[in-house]
Each structure stands twice: as C-alpha cells, then as structure tokens.
Amino acid sequence: MNTLHPKIAEVLTQTFKVPAEDIRPDSTMDSLEMDSLAVAEFAVIIKEHLGVDADADKLYKDATLAEISAFIGGAAMSGSR
C-alpha cells in the first residue's frame, strides 16, 4: 500500500474501532464489517482530513484497502479536491 495506509488505518481503528490486525491491503470494507453508513462516514472523514472527495460510491464495499488507498492517492495527485 502507499503512504496513505497509516492514515486509513488510523481512521478505521480510532473512529470505527476496527482491530488493527484486521487492517490488511487485501481487506475490504465488507470484511471489516463496515456497512454502507460507515463507508459513507469514512468518505466524509477522508475528505475532511485529506481534502480528497472520495464519495461512498467510489469506496464500494468490495474494494480492497489497497484499491481504496490507490484511488485516494490518485485523486489527491490529480487535484480532485
């Protein structure tokens, strides 16, 4: 995963109480038991903290954390803020 992994892991552990050992690059929001409301809240937090508009539709439940991290990183680099 890229350099966003620590920030994503921090949000998942502190806000959503996901055990740190469950946060792996191949984990999905679904495997972390994040329902659609939690995914939407996660997207809002990412926007607030990283300035990236990562709406919940783009953070679909089947995406891995590696894919989500790559999407957010790509959006940040392209200026999709």
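In this predicted model, the face of α1 turned away from its buried side carries the exposed residues P6 and Q14. The buried residues of α1 are I8, A9, V11 and L12. Viewed along the axis of α1, these buried residues fall within an arc of 160°, so they line one face of the helix.

Two residues of the buried face recur in the nonpolar core. The largest such core comprises 23 residues. I8 and L12 are among the residues with the most contacts inside it, together with F16, M34, F42 and I72. Helices α1, α2 and α3 (65-78) each supply at least two residues of this core. The largest share comes from α2, with five residues. In soluble globular proteins, nonpolar side chains tend to be buried together.

Helix α1 also holds a charged pair. The side chains of E10 and K7 form a salt bridge, with an N to O distance of 3.6 Å. Both residues lie in α1, three residues apart, which is about one turn of the helix. An α-helix has 3.6 residues a turn, so residues three or four places apart point the same way. Neither partner falls in the buried class. E10 has a relative accessibility of 34% and therefore counts as partly exposed. K7, at 22%, also counts as partly exposed, because the cut-off for buried is under 20%.

The count of salt bridges comes to two. Besides the E10 and K7 pair, R24 forms a salt bridge with D26. The closest N and O atoms of R24 and D26 are 3.2 Å apart. R24 is partly exposed, with a relative accessible area of 39%. Side chains of opposite charge can pair when their charged atoms come close.

S27 was examined next. This residue lies in the loop between α1 (5-14) and α2 (36-50). Its relative accessibility is 1%, so S27 counts as buried. A polar atom of the S27 side chain lies 2.7 Å from the backbone oxygen of D22. D22 is also one of the residues that S27 touches, when residues up to four places away in sequence are not counted. The others are L32, A63, T64 and L65. L65 falls within the range of α3 (65-78). The loop residue S27 is thus buried, at 1% relative accessibility, whereas R24 is partly exposed at 39%.

Notes: Residues numbered from 1 in each chain as written. Predicted model: local features only at pLDDT ≥ 70, side-chain atom pairs only at ≥ 80, totals over all residues. Heavy atoms only, no water. Helix = DSSP H or I, 4+ residues; strand = E, 2+ residues; numbered from the N terminus. Buried < 20%, exposed > 50% of the residue type's maximum accessible area, 1.4 Å probe, protein only. Polar contact = N/O pair within 3.5 Å; in protein donor to acceptor, adjacent residues only side chain to side chain. Contact = heavy atoms within 4.5 Å. Core = buried A, V, L, I, M, F, W, Y, C linked by side-chain atoms within 4.5 Å. Arc of directions from axis to C-beta. Salt bridge = Lys/Arg side-chain N within 4 Å of Asp/Glu carboxyl O.
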